[in-house]
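Q: Please give me a close look at the largest pocket and then follow the structure outward from there. How much space lies in the largest pocket, and which residues line it?

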Amino acid sequence: MMASGALAWAMVQRYEVVGDSMCPTLTHGDRLLVLKWRWVPVGRILVLQDSHSDEHFIKRLVRRSQSSIWVEGDNPLGSTDSRQLGWFSNKSVVGWAIYRYYPSSRAGSLIGE
């Protein structure tokens, strides 16, 4: 049982939301648990690795093609996303947000968000 628990935690990573591109769903400083899985259901919040830096983006998956994804922030006026940058490679996906654990007053599942 111990090995399966360790494996489950190896599949989850913590991320902090920086900026307001996902307001009102997520706000600056929210802390998330992200399931490290490249296949993300359309409509879910995901984490992308910027191919030019060590930065990560947190956006919503809007559309998918065979090799690319289209992502948008929930705050269109405050988000740099596919509307400006175009399609992202499927390989840029780190995983999808499953739970907000901080702040505790907003803690809860993000699977239905």
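A: About 220 Å³ of space lies in the largest pocket. A pocket here is an open set of points on a 1 Å grid over the protein atoms alone, where a 1.4 Å probe fits, with protein on both sides within 12 Å along at least five of seven lines. Grid points are joined across faces, edges and corners, and the volume is the space filled by probe spheres set on them.

This is a predicted model, so local features need pLDDT of at least 70 and side-chain atom pairs count only at pLDDT 80 or more, while totals for chains, interfaces and linings use all residues. Residues are numbered from 1 along each chain as its sequence is written, and side-chain values use heavy atoms, with hydrogens and water left out.

Now the lining (residues with an atom within 4 Å of a point). Tyr-15, Glu-16, Val-17, Val-18, Ser-21, Met-22, Glu-55, His-56, Phe-57, Ile-58 and Lys-59 line the largest pocket. Two elements, β1 and β4 (56-64), each give two or more residues. Strands are DSSP E runs of at least two residues, numbered from the N terminus. β4 supplies the largest share of the lining, four residues. By class, six lining residues are nonpolar, two polar and three charged. Nonpolar covers Ala, Val, Leu, Ile, Met, Phe, Trp, Tyr, Cys and Pro; charged covers Asp, Glu, Lys and Arg; the others, Gly among them, are polar.

Some lining residues also belong to the largest nonpolar core, including Tyr-15, Val-17, Met-22 and Ile-58. A nonpolar core is a set of buried Ala, Val, Leu, Ile, Met, Phe, Trp, Tyr and Cys residues joined through side-chain atoms within 4.5 Å. Buried means under 20% relative accessible area, exposed over 50%, and partly exposed in between (1.4 Å probe, protein chains only). The core has 12 residues, among them Leu-32, Val-47, Val-94 and Leu-110. β2, β3 (45-49) and β7 each give two or more residues to this core. A second, separate core of nine residues includes Val-40, Leu-46, Val-71 and Trp-96.

Met-22 touches Ile-45, Ile-58, Lys-59, Arg-60, Glu-72, Gly-73 and Asp-74, leaving out residues up to four places away in sequence. Contact means heavy atoms within 4.5 Å. Further along the chain, the peptide bond from Cys-23 to Pro-24 is cis, with omega near 5°. Pro-24 sits in the loop between β1 and β2.

That loop also holds Asp-30. Arg-100 and Asp-30 meet in a salt bridge at 2.9 Å, N to O. Arg-100 lies in strand β7 (residues 93-102), so the pair ties together parts 70 residues apart in sequence. A salt bridge is a side-chain nitrogen of Lys or Arg within 4 Å of a carboxyl oxygen of Asp or Glu. Both Arg-100 and Asp-30 are buried. Arg-106 forms a salt bridge with Asp-30 too, the closest N and O atoms being 2.9 Å apart. Arg-106 lies in the loop between β7 and β8 (108-109), so this pair links parts 76 residues apart in sequence. Arg-106 is partly exposed at 29% relative accessibility.
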